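Subject: Structure handover

Hi,

Here is the structure I promised to pass on to you. My notes on what turned up in it follow underneath.

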Amino acid sequence: MIYLVHHGDAVGPDIDPQRPLSSAGRAAVERLATRAAERGVKPVAIHHSGKLRARQTANAFLRLCNPLAEFSAIRGLQPEDPAIWIRETLAHEDREVMLVGHMPNLPRLLTLLVTGREAPLLEFPLHGLVAIEIARGAAGEHYEERWRLVL
């Protein structure tokens, strides 16, 4: 299973240029990670974009879903990164993985994985989570959305 997560609500750049999670964002991320853990989400790897708000969001999932998970920033999760970079990474992945990133990258990635095309974009829940299952067979890879968590 692949879990795509949009970071929690962040403060504006006028308040802090690093844009950490707001207090409401931190609380919402805690609720989202708790609900994910209750659904049995236990990724062995949690990757984030490296931006503070994504790292803080990913850290909540690390703490609540699997404190022993691999935890790192990776290329391909920045807001304007091409979705193909992550699809190529996932082609070699057979573990349960969580990717924490940004808009508009996440809707592009979801669309590319599920439909195989880049447009029109599928809707992605603001500050939410989408679970995608990978099926591999003779015909190649097939990605299918299984469920969503939206606060």
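Which residues does T57 touch, not counting residues up to four places away in sequence? They are V5, H6, H7, G8, L21, V29 and V100, where contact means heavy atoms within 4.5 Å. T57 lies in helix α2, and with 1% relative accessibility it counts as buried. As for the burial classes, buried means under 20% relative accessible area, exposed over 50%, and partly exposed in between, using a 1.4 Å probe and protein chains only.

Before the rest, a word on how to read the values. This is a predicted model, in which local features need pLDDT of at least 70 and side-chain atom pairs count only at pLDDT 80 or more, while totals for chains, interfaces and linings use all residues. Residues are numbered from 1 along each chain as its sequence is written, and side-chain values use heavy atoms, with hydrogens and water left out.

Strands first. Helices (H or I, at least four residues) and strands (E, at least two) are DSSP runs, numbered from the N terminus, and two strands pair if DSSP finds at least two bridges between them. Strand β1 (residues 2-6) runs antiparallel to strand β5 (residues 129-137), with four bridges; here I2 stands opposite I132. β5 also pairs in the antiparallel sense with strand β6 (residues 140-149), over nine bridges, and R136 stands opposite E141 of β6. The connection from β5 to β6 is a hairpin through two residues.

Now the interior. A nonpolar core here is a set of buried Ala, Val, Leu, Ile, Met, Phe, Trp, Tyr and Cys residues joined through side-chain atoms within 4.5 Å. The largest one has 22 residues, and I46, F61, M98 and L129 have the most contacts inside it. Two or more residues each come from β1, α1 (23-38), α2 (52-65), β4 (97-101), β5 and β6, with α2 giving the largest share, six residues. Apart from this core lies another, of 19 residues, including L90, L110, L113 and V130. Back in the largest core, M98 is in contact with Y3, V5, V41, P43, A45, I46, H47, F61 and L129, leaving aside its neighbours within four places in sequence.

Helix α3 (residues 83-90) has A83, I86 and L90 as its buried residues. Seen down the axis of α3, they fall within an arc of 65° (taken from the directions from the helix axis to the C-beta atoms), so they line one face of the helix. They pack against β1, β4, α4 (105-115), β5 and β6.

Finally, the charges. The structure holds eight salt bridges, each being a side-chain nitrogen of Lys or Arg within 4 Å of a carboxyl oxygen of Asp or Glu. One of them joins R95 to E70, with the closest N and O atoms 3.1 Å apart. R95 is in the loop between α3 and β4 and E70 is in strand β3 (residues 70-73), so the pair ties together parts that are 25 residues apart in sequence. R95 also bridges to E93, at 2.7 Å between the closest N and O atoms, and E70, E93 and R95 are thus named as a linked network of salt bridges. E93 is buried at 12% relative accessibility, whereas R95 is partly exposed at 32% and E70 partly exposed at 36%.

Happy browsing!
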